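Welcome! Here are some exercises to work through with the model on screen, each followed by its solution.

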Amino acid sequence: MTRRLNAMDEVVSATVYRAIAIQPSEVSPRFDVIVLIETTTPDTIAAVRAVPELQRLGADFVMPARNIRRLGDIDRAPSGTFLFNHFTSDDPDRASRYFDSVAGWFSHDAEVDDIALLGPLDAAPYVFVNQVRLPGTLAEFIRALLRPNFRHAVYRKMRANQIGFASIVCKPLP
């Protein structure tokens with residue numbers, strides 16, 4: 001499927017990710033597989049969605065999105081571990097301001113230097129999904145999240161802004 005998608009003029013890249021860990025949360029998506037297809041423009045999504053192999057997947061959830069923020073370029077080397085955070089909020093603008101206010105913590109304290117923030121083009125249960133390539137191991141990243149400054153700089157702000165999130169940690173499939 002990815003070979004066919006990657007051969008299309010409308011597709012920049014297509015990657016299939018396998019979930020290796022899903023954060024327990026009331027808003028957690030339960031996806032075993034994430035297919036990330038980057039197209040040349042949002043207008044070309046319809047052509048890509050018509051690919052028979054994609055239709056046969058019978059996806060539980062599809063979220064056409066556009067890149068609304070980017071911190072660095074995502075290193076897509078297949079040896080990486082990737083985090084997809086799914087954010088919920090009643091106020092997308094407030095959620096976006098929250099993200100902007102905490103992005104520095106991730107680059108400085110968690111040493112993340114590539115984040116793509118994907119905002120839905122249609123109605124979706126998530127205000128955005130961010131994709132992050134973890135800079136080291138999953139265990140190292142979790143240790144960064146256990147630091148007291150994470151609770152102060154990120155988690156408390158998230159709660160104060162009534163933002164929910166759920167994470168899926170993935171590995172790309174060859």
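**Exercise 1.** Find how strand E3 and strand E5 pair.

Solution. E5 covers residues 115–120, and E3 pairs with this strand in the antiparallel sense over 6 bridges. (Two strands pair if DSSP finds at least two bridges between them; strands are DSSP runs of E with at least two residues, helices runs of H or I with at least four, both numbered from the N terminus.) For one bridge, look at Arg-66: its partner in E5 is Gly-119.

The model is predicted: local features need pLDDT of at least 70 and side-chain atom pairs count only at pLDDT 80 or more, while totals for chains, interfaces and linings use all residues. Residues are numbered from 1 along each chain as its sequence is written, and side-chain values use heavy atoms, leaving out hydrogens and water.

**Exercise 2.** Place these strands in their sheet and name its edges.

Solution. Start with the order: 7 strands form an open sheet, E2-E1-E7-E4-E6-E5-E3, with antiparallel pairing. Next, the edges are E2 (33–39) and E3 (65–71), each pairing on one side only.

**Exercise 3.** Describe the aromatic pair of Phe-31 and Phe-61.

Solution. The whole structure has 10 aromatic pairs (ring centres of Phe, Tyr or Trp, the latter by its six-membered ring, within 6.5 Å; planes under 30 degrees apart are stacked, over 60 edge-to-face, the rest tilted). Phe-31 and Phe-61 are stacked, at 5.6 Å centre to centre and 5° between the planes. Now check burial: Phe-31 is buried at 15% relative accessibility, whereas Phe-61 is partly exposed at 28% (buried is under 20% relative accessible area, exposed over 50%, partly exposed in between, with a 1.4 Å probe and protein chains only).
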